[in-house]
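Please find below my comments on the structure, set out as numbered points for discussion.

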Amino acid sequence: LNSVELSTELFPFDPTLDGPDGLLPDIPSKLFSEGQFARVPFITGTNLDEGTLFTSPTINSEQQVRNSIIANFSPPIVSVRELNDTSNMLLKLYPDIPALGSPFNTGNQTFGLSSVFKQAAAIDGDLSFQSQRRNFNEVAAKAGLKTYGYLFTEPQPGSGQLG
């Protein structure tokens, strides 16, 4: 448990790639793009503010956001330069403007946290959940499968201010 607590990764329990005959023979996005997935109809979805659950409430600088992106995508499957350039581009695309961050539709409210929290939560939610769901739906649909997707936008009772 100590290693999880000290980890710089958002999800320290990543799936382990276990070779050609294993359950995860390669990076899932690569397998999807190569058409290597079960051909069954499915439904998949995400929560609008999912990133708020996986973003540290102590985050308070864009450098910490950049460090988190790099830590979560290292070792990179692209060049280190491309990873750095991409993290810089993400910070431009997701500016530190509370009204644009997650939890969404809460204006400039920061719930006593740094405004960077909302920026980081929006990035985390899109990178870890929204983009993955969309990619899986698109790839499967192009392969002729019936796919159904949803984006759950209603806050859960008891989930607090952050969604």
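1. Tyrosine 148 lies in strand 2. In this predicted model, tyrosine 148 has a relative accessible area of 46% and therefore counts as partly exposed, since that category covers values between 20% and 50%.

2. Tyr148 belongs to a nonpolar patch on the surface, together with Ile43, Tyr150 and Phe152. The accessible area of these residues together is about 430 Å². Strand 2, which spans residues 147–152, is the main contributor to the patch, supplying three residues.

3. As to the overall fold, the secondary structure consists of five helices and two strands. Their order along the sequence is α-α-β-α-α-α-β. Among contacts with a separation of 6 or more, 67% join residues that are 24 or more positions apart.

4. The protein has 163 residues, of which 26% are buried. Its accessible surface amounts to about 10300 Å², and carbon and sulfur atoms account for 57% of that area.

5. Which residues make up the largest nonpolar core? There are 10 of them: Ile59, Val65, Ile69, Leu90, Leu91, Val116, Phe117, Ala120, Ala121 and Ile123. At least two residues of this core come from each of helix 3 (62–72), helix 4 (80–93) and helix 5 (115–142). Helix 5 provides the largest share, namely five residues. A separate core of five residues lies apart from this one, and Phe42, Val139, Ala140 and Leu145 are among its members. As a general remark, nonpolar side chains in soluble globular proteins tend to be buried together.

6. Ile59, a member of the largest core, deserves a separate comment. Leaving aside residues up to four places away in sequence, isoleucine 59 is in contact with Gln64, Val65, Ser114, Val116, Phe117 and Ala120. Of these partners, Val65, Val116, Phe117 and Ala120 are also listed in the largest nonpolar core.

7. How are the buried residues of helix 3 arranged around its axis? The residues concerned are Val65, Ser68, Ile69, Ala71 and Asn72. Viewed down the helix axis, they fall within an arc of 165°, so they line one face of helix 3. These buried residues pack against helix 4 and helix 5. Val65 and Ile69 also appear in the largest nonpolar core.

8. Two salt bridges are present in the structure. One of them joins the side chains of aspartate 26 and lysine 30, with an N to O distance of 3.1 Å. Lysine 30 is partly exposed, because its relative accessibility is 39%.

9. The salt bridge between arginine 81 and aspartate 85 has its closest N and O atoms 3.8 Å apart; this pair qualifies because the cut-off is 4 Å. Both residues belong to helix 4 and are four residues apart, about one turn of the helix. In general, an α-helix has 3.6 residues a turn, so residues three or four places apart point the same way. Side chains of opposite charge can pair when their charged atoms come close.

10. Are the two partners in helix 4 exposed or partly exposed? Arginine 81 has a relative accessibility of 66% and so counts as exposed. Aspartate 85 stands at 42% and so counts as partly exposed.

Note on methods
Residues numbered from 1 in each chain as written. Predicted model: local features only at pLDDT ≥ 70, side-chain atom pairs only at ≥ 80, totals over all residues. Heavy atoms only, no water. Core = buried A, V, L, I, M, F, W, Y, C linked by side-chain atoms within 4.5 Å. Buried < 20%, exposed > 50% of the residue type's maximum accessible area, 1.4 Å probe, protein only. Contact = heavy atoms within 4.5 Å. Areas by Shrake-Rupley, 256 points an atom, 1.4 Å probe, with all protein chains shown as cover. Patch = residues over 30% accessible without salt bridge, like charges linked within 9 Å, V, L, I, M, F, W, Y side chains within 5 Å. Arc of directions from axis to C-beta.
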